[in-house]
Amino acid sequence: MKAFAALIERLAFMPSRNGKLRLMADYFRQTPDPDRGWGLAALADGVDMPGVKAGLIRGLAMDRVDPALFAWSYDYVGDLAETVALIWPERVEKAETPRLSRVVHGLRAAGRSGAAPLVEHWLDGLTASERLALLKLITGGLRVGVSARLAKTALAQTADIAVDEVEEIWHGLEPPYSDLFAWLEGRAEKPAIDERAVFRPLMLSHPLEQAVRESLDIDAYRAEWKWDGIRVQVAARGGKRRLFSRTGEDISGAFPDIVEAKDFEGVLDGELLVATDGRVESFNRLQQRLNRKRVTQRMLAEHPAWIRLYDILHDGEADVRGLDLDTRRARLEAWYARWRPARMDLSPQLAFAGWDDLERLRGETEGGAIEGLMLKRGDSTYVAGRPKGPWFKWKRGPLTLDCVLMYAQRGHGKRSSFYSDFTFGAWRPDGEAGREELVPVGKAYFGFTDQELAQLDKWVRAHTVERFGPVRAVKPELVFEVAFDSVARSTRHKSGVAMRFPRIGRIRWDKPAVEADRLETLEAMIRD
Amino acid sequence: MTAKHPESWVELRPQGVYVRPADAYVDPVRPVECALVTHGHGDHARPGNHAVLATAETLAIMRARYGEQAGRQLTAASYGARVMVGEVEVSFHPAGHVLGSAQIALAYGGSRIVFSGDYKRVPDPTCRPFEPVPCDVFVTEATFGLPVFRHPDPMAEIGKLLKSVALFPERAHVIGAYGLGKCQRLIALLRQAGYDRPVFLHGALIGLTELYRELGVDLGPIRPATAAAKKEMAGEIVLAPPSAIADRWARRLPDPVVAMASGWMRVRQRARQRGVELPLVISDHADWDELNRTVLDVDAPEVWVTHGREEALIHAIEAGGRRGRALSLVGFEEDAVE
């Protein structure tokens, strides 16, 4: 528990990805089995602790602490688990510090009625940061800014292998992952896993750059639409059915409509969309379905999920990743004709005679559901990772809008001394005749070079009109050409619109702020 | 004769706490004729007073900070010695807060009031430990006057720092620390932990650190942070004022791990607001348990609570059968120097 608590505390404050990886790798190296495996499980997927709820924890604290003091403290700290962890009266005679594995086994065995005395006993034996780690662990939600993918990446780094090698077997393993650690440390063979419905790492593409384009043998490539959805893998074998995100997270729970519709055998690669009878809706509607543990019937009805297939990895029991794309495409079409799966269709291959056709196709859109083109070599096998050459993505040019810088906020980590997060606005009438005001339309923190960042930082400091903690309001004088992929209506923003993936395209040092764009220009770009 | 309750001879004025029979103020916030000063922090020791009575160390600190403005007539008080100021018998007692810090005990008309100033109870290698002085009225700070504030063992916090230095040898560790007290205590704690490399200091921290050395506090090798090239600072520990750690000054350091040594670091949201990557809970103020223990140790029937979170501490004091009362002092920041 000590090592796990120390890790959780440092992760909570660590802004950089590399720093987080280093902390986790260090933990995996230094901590014995089975504790590190439970730590890994907690970081990656969470550890399910039936019977422990926030109410139990509050109740334990109330038995020990004056209620008025607790109320003042909770008001100050603002988080229940943290308040309890900090306020818990410490005893001079410490009870023993439990191991992480004991906590997990103990609570699982104790069930609903036995949990309270056990947690109380442990709290007496721990320091404040250990108490907080314990309470966060058992109530679910460490909130330390670590994704499952990042935890697995750190694990892979300890053995100097690619994270995809871990992904490949991850869903066939169970915590505390002793077999996985034994393999990574060279003490045992790669764990043999149940091959049914595990995640196969995806093949990814590179952006098509001008230099590459000029030397590309375009006749060897096949073209498809690049759909504006979420890349997923559908796996169904031997009665097991799962839906994975591109990083291997099991998202089956959020998409019962897809999972229940699977009555086939195979592993497919495709795009998750919201669509009604094959007519694709905006990304905005798909977003309503993402990042949810459970979905309501209403959401299922209003935002039905759909998968547009473009590749096949396993055809029934046969692993076809070693075949070339053209052969796989034929197998995909035959597979589709055989199973006719509900809520799925095929992403078409596009006919073209040369670059002119492709240029024209790339400019086309379909209700905002297409981001551009994918170009894939007909003879490419399906390789995990991002090999250079076989697959390219060629996105439609971004939308742009000239906006005025309004607020700047300090960044994190390496950028903590720089004003690097920029909120910008567009003009709109402010209600009085002929007057205009700026309304914030988005926020971006990249798209500029380090040198430009230094210039922007200097500009912000010299043009500050007001400070609010780490945020500075600046004179509305600097224009950014903001690039973004799309724009949608939003009730959460004052402007009523939300940009997708905004970044600073160019800094227009030359352009007067009055000539920046108006909100109505942005509204006209909405496609819904 | 019944004793004169301090209520009848101590009053609040715009300049601060006025002790009428001494015609003197304790830690005045505006210039006065006669000031009794508990310690050298800027919210307690201010420039421009005429006569100042304080410990020799506090006077040295005030001279270093304010020069001529420290006061026209500076009188050093020894710990434990009794001197008369007007009709009041005044004595200074160690407070354990920073070098030279004192509680000021005032006896008059058969009763005694103790102004503790800022204090802590854990051992600090850079100053004399707090000594409880029995009294009728005890005046206490309440900077950390909530039960969520319980400072951990400072050596364990130093251990966290040293572990991080080992884990990130290519980065510098820059620790935000107040220039008087916290800075020197951190260096002393590092030495206790066996750290013998030079400790690098922001320019604003050098003067007082030198003064500590002159006053006999051994701190080992100290270097200005500006003395070495950027890449040579990899793996080193740098102390700087809190305002400098995440600002332009820190850009001279290689990918700095921003740390902060303060009792406020105990609460995550507070630490996050400061943009801190490595919070170190090291405080020069009494935590909740120390505040309550001290009230028991001095055994005063009445406690006045000054700057900080008064209501919770008063609630606890009254639950213990004593009289508690808020003494709202103007000019003390809510988040006292820490």
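**Exercise 1.** In this predicted model, find how many residues chain B and chain A each bring to their contact, and describe the side of chain B.

*Solution.*
Step 1. Count each side: chain B gives 28 residues and chain A gives 28 residues.
Step 2. Locate the elements on chain B. Those that supply two or more residues to the side touching chain A are helix 5 (268–273), strand 17 (278–280) and helix 7 (310–319) of chain B.
Step 3. Sort that side of chain B by class. It holds 15 nonpolar, four polar and nine charged residues.

**Exercise 2.** Work out how helix 4 and helix 6 of chain A pack.

*Solution.*
Step 1. Take the geometry. Helix 4 (residues 54–64) and helix 6 (residues 80–87) of chain A pack at about 30 degrees, and their axes lie 10 Å apart.
Step 2. Classify the angle. Angles under 35 degrees count as roughly parallel, so helix 4 of chain A is roughly parallel to helix 6 of chain A.
Step 3. Give the hand: the crossing of these two helices of chain A is left-handed.
Step 4. Name the partners. Helix 4 of chain A brings Ala54(A), Ile57(A), Arg58(A) and Ala61(A). Helix 6 of chain A answers with Leu80(A), Ala81(A), Val84(A) and Ile87(A).
Step 5. Sort them: seven are nonpolar, none is polar and one is charged.

**Exercise 3.** Decide whether helix 3 of chain A is mostly covered, and find what it packs against.

*Solution.*
Step 1. Check burial in helix 3 (residues 35–44) of chain A: 10 of its 10 residues are buried, so it is mostly covered. Among them are Asp35(A), Arg36(A) and Trp38(A).
Step 2. List the neighbours. The buried residues of helix 3 pack against helices of chain A including helix 1 (2–13), helix 7 (100–125) and helix 11 (178–184).
Step 3. Look past the end. Gly46(A) follows helix 3 of chain A, with a positive phi near 85 degrees.

Methods. Residues numbered from 1 in each chain as written. Chains lettered and ligands numbered in written order. Predicted model: local features only at pLDDT ≥ 70, side-chain atom pairs only at ≥ 80, totals over all residues. Axes fitted to C-alpha atoms, helices over the stretch in contact; angles between N-to-C directions. Helix = DSSP H or I, 4+ residues; strand = E, 2+ residues; numbered from the N terminus. Parallel < 35°, antiparallel > 145°, perpendicular 65-115°, else oblique. Left-handed = near helix turned anticlockwise from the far one by under 90°. Contact = placed C-beta atoms within 7 Å. Nonpolar A, V, L, I, M, F, W, Y, C, P; charged D, E, K, R; others polar. Buried ≥ 20, exposed ≤ 12 C-beta atoms within 10 Å, placed from the backbone.
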